[in-house]
Amino acid sequence: MATIIVVTSGKGGVGKTTTSASVATGLAKKGYKTVVIDFDVGLRNLDLIMGCERRVVYDFVNVIQGEASLKQALIKDKRLANLEILPASQTRDKDALTLDGVGAILDELRQSHDFVICDSPAGIEAGAVMAMYYADEAIVVTNPEVSSVRDSDRMLGILQAKSKRALEGLEPIKEHLLITRYDPNRVQDGEMLSIDDITDLLGIKLAGVVPESTTVLQASNSGIPVIHDESSPSGMAYQDLVARILGEELSFRFLDPEKKGFLKRLFGT
Amino acid sequence: METVQADQSSASRLPERSGPAVTLKGSVFTLPILKLSSTDLDLIENELNLRLSTALDFFKNAPVVIDLEQTQDAEQALRFSQLEALLRKLNLVPVGVQNGSAEQNSAAINSGFAILTGQTVDRVVESRRHQIEETPEESNDSEEIRQGAASVFVTETSKFIKQPIRSGQRVYAKGGDLVILGAVNHGAEVMADGNIHIYAPLRGRALAGLDGNSESRIFCHSMEAELVAVAGNYRVFEDKVPADLYKKSVQIYLEGEQLKIITLD
């Protein structure tokens, strides 16, 4: 039986799809049979970041509407044998998803996989609710700025009120906090919220901090999830996140500002 | 006068045609309670005559609830149909009985009385105290933080919440106090007809005395609020809470029309 993990945030542009791609890849690398689903119907991006956009024939909506089988729609990752992608439809909108339809697909995937990663669209409307409804665990992605933290707070409230687990009174969704685009130098200068500020406000367990870095953007543009870049701080931060989701206790890296040399301090950067 | 809580029943809808002819709704009424300490109808009549003569028309056609607690073990059984006739004669409308023994209840039903199970105000306070004692020590067990378990106990008048209240969520304790162990975050709104106690930071909005009770107060562990109000008198903290109150434990109350915020230490 698979664990269903939703990657969500409320706010757009904070790194949900990047995180979904890297977490799914990281779990597959550790040997778990994993599938990652794009719930952003109409604005599909996951296939781009996974580098499989040209191989999309059938999508999530086709499967829900019975036009294709799940087997036909699942795309095998080109690097990892035990990773599959279920892309969203670009030509439909989020009303094409139904709770029953999504539930049936997730049930089928639960039987055959170890992890199902649901990449949520931004917002708190139907699409985002579909993505989180059946989740067992949630990765809440936040940037170190006020509006993003506020939206994550709202999303946590929705997870605790509207998910299947909440409505049926089951054990609640396990929540992991992921802070992305973290820049220790700007935190030191007071331009960004610190990790303590964020965890204090949201009150859930910190599972990862991904530093701001150009490698993330480069990786996205080239269709290779950044976790494959094992030497970059971002790649390592995502590896740590995956390990923590699997229950390991690791200390956090990349939280301290880089030491500026004498000349740099004198002349700025 | 004591409060009697009517049972809550949800509105039922008939099949869509020309709209429902009947709607069922729950509501709360305050009813006078007639406590009997004797089953002797003559004695009751005499005393009621004496008391009602001073109350003028206040009790004219007033619905009353008969409390049987002190007559449960009475030697002489209460004759409910005669009691009803007696009360009607005095222009009272008996609606039901409470705290009766099993035999008294069945006799009362036979004479057309309703059996009320509502709690009176002092009983609510009693049970509330009882339930707070029963609540286990604050644990970080994530199972506690769930909407289903949100209202760990709810009596008719008070609400107790363990988890944080997050942006966009609203909580209202109708007719009583609101006690919250988790933070009230930015963009969240907590309201009570009575007092509000928050044993964590208050970052959102808190409105006490919503039904106009100017004696209500707000207590919070760390004052970071966006808005506070007591009985409709409110204060907005547009920029930030003043430095001498910020992140302090405070109480907020009304002095005349003036909203006072003072630190607790």
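Is A:Arg110 buried or exposed? I began with this residue in the predicted model. I find A:Arg110 buried, because its relative accessible area is 14% and the cut-off for buried is under 20%. I located A:Arg110 in helix α5 of chain A, which spans residues 99–112. Not counting residues up to four places away in sequence, I listed what A:Arg110 touches: A:Met1, A:Ala2, A:Ile4, A:Tyr134 and A:Asp136.

**Entry: nonpolar cores**

I next looked up the largest nonpolar core, which has 52 residues. The members that touch the most other members are A:Phe39, A:Phe60, A:Leu97, A:Val102 and A:Val116. For A:Val116 I set aside the neighbours within four places in sequence and noted contacts with A:Ala2, A:Thr3, A:Ile4, A:Ile5, A:Val35, A:Ile37, A:Leu106 and A:Leu109. I recorded another core of 34 residues lying apart from that one, with A:Ala21, A:Ile49, A:Ile75 and A:Val210 among its members. I note that A:Ala2 and A:Ile4 appear in the contact list of A:Val116 and also in that of A:Arg110.

**Entry: salt bridges**

How many salt bridges does the structure hold over all chains? I read a total of 21. Within chain A, A:Arg44 and A:Asp47 form one, with their closest N and O atoms 2.6 Å apart. A:Asp47 counts as buried, since its relative accessibility is 2%. I also found A:Arg186 paired with A:Glu191 in a salt bridge at 2.9 Å, N to O. Here A:Arg186 counts as partly exposed, because its relative accessibility is 35%. A further entry is a network of salt bridges that links A:Lys33, A:Lys76 and A:Glu84.

**Entry: interface of chains A and B**

I then turned to the interface, where 15 residues of chain A are in contact with 16 residues of chain B. The size of an interface is often given as the accessible area lost when the parts come together. For this pair of chains I noted a buried area of about 1400 Å², with 45% of it from carbon and sulfur atoms.

How many salt bridges does the rule find across the interface of chain B and chain A? The rule finds two. By class, the side of chain B that touches chain A comprises one nonpolar, 10 polar and five charged residues. One of the salt bridges joins the side chains of B:Arg203 and A:Asp200 at 3.5 Å, N to O. Another joins A:Asp153 and B:Arg166 at 2.8 Å, N to O. The latter pair crosses between chains, from the loop between β8 (159–161) and β9 (170–173) of chain B, which holds B:Arg166, to helix α7 (residues 146–162) of chain A, which holds A:Asp153. I checked the accessibility of both partners: B:Arg166 is buried at a relative accessible area of 1%, and A:Asp153 is buried at 3%. I also recorded six residue pairs in polar contact between the chains, both residues being at pLDDT 80 or more.

**Entry: chain B and B:Leu259**

I counted four helices and 18 strands in the secondary structure of chain B. Of its 265 residues, 41% count as buried. Among contacts in chain B between residues at least 6 apart in sequence, 37% join residues at least 24 apart.

Where is the place of B:Leu259 in chain B? I found B:Leu259 in strand β18, residues 258–263. B:Leu259 counts as buried because its relative accessibility is 12%. Although B:Leu259 and B:Ala229 are 30 residues apart in sequence, their C-alpha atoms are 7.8 Å apart in space. Leaving aside neighbours within four places in sequence, I listed the contacts of B:Leu259 as B:Val228, B:Val230, B:Asn233, B:Tyr234, B:Arg235, B:Ile252, B:Tyr253 and B:Leu254.

Technical notes. Residues are numbered from 1 along each chain as its sequence is written. Chains are lettered from A and ligands numbered from 1 in the order in which they are written. This is a predicted model: local features need pLDDT of at least 70, side-chain atom pairs count only at pLDDT 80 or more; totals for chains, interfaces and linings use all residues. Side-chain values use heavy atoms; hydrogens and water are left out. Contact means heavy atoms within 4.5 Å. Buried area is the accessible area (1.4 Å probe) that two parts lose on being put together, summed over both. A salt bridge is a side-chain nitrogen of Lys or Arg within 4 Å of a carboxyl oxygen of Asp or Glu. A polar contact is a pair of N or O atoms within 3.5 Å; within protein, one must be able to donate a hydrogen and the other to accept it, and residues adjacent in sequence count only if both atoms are side-chain atoms. Ala, Val, Leu, Ile, Met, Phe, Trp, Tyr, Cys and Pro count as nonpolar, Asp, Glu, Lys and Arg as charged, and the others, Gly among them, as polar. A nonpolar core is a set of buried Ala, Val, Leu, Ile, Met, Phe, Trp, Tyr and Cys residues joined through side-chain atoms within 4.5 Å. Buried means under 20% relative accessible area, exposed over 50%, partly exposed in between (1.4 Å probe, protein chains only). Helices (H or I, at least four residues) and strands (E, at least two) are DSSP runs, numbered from the N terminus.
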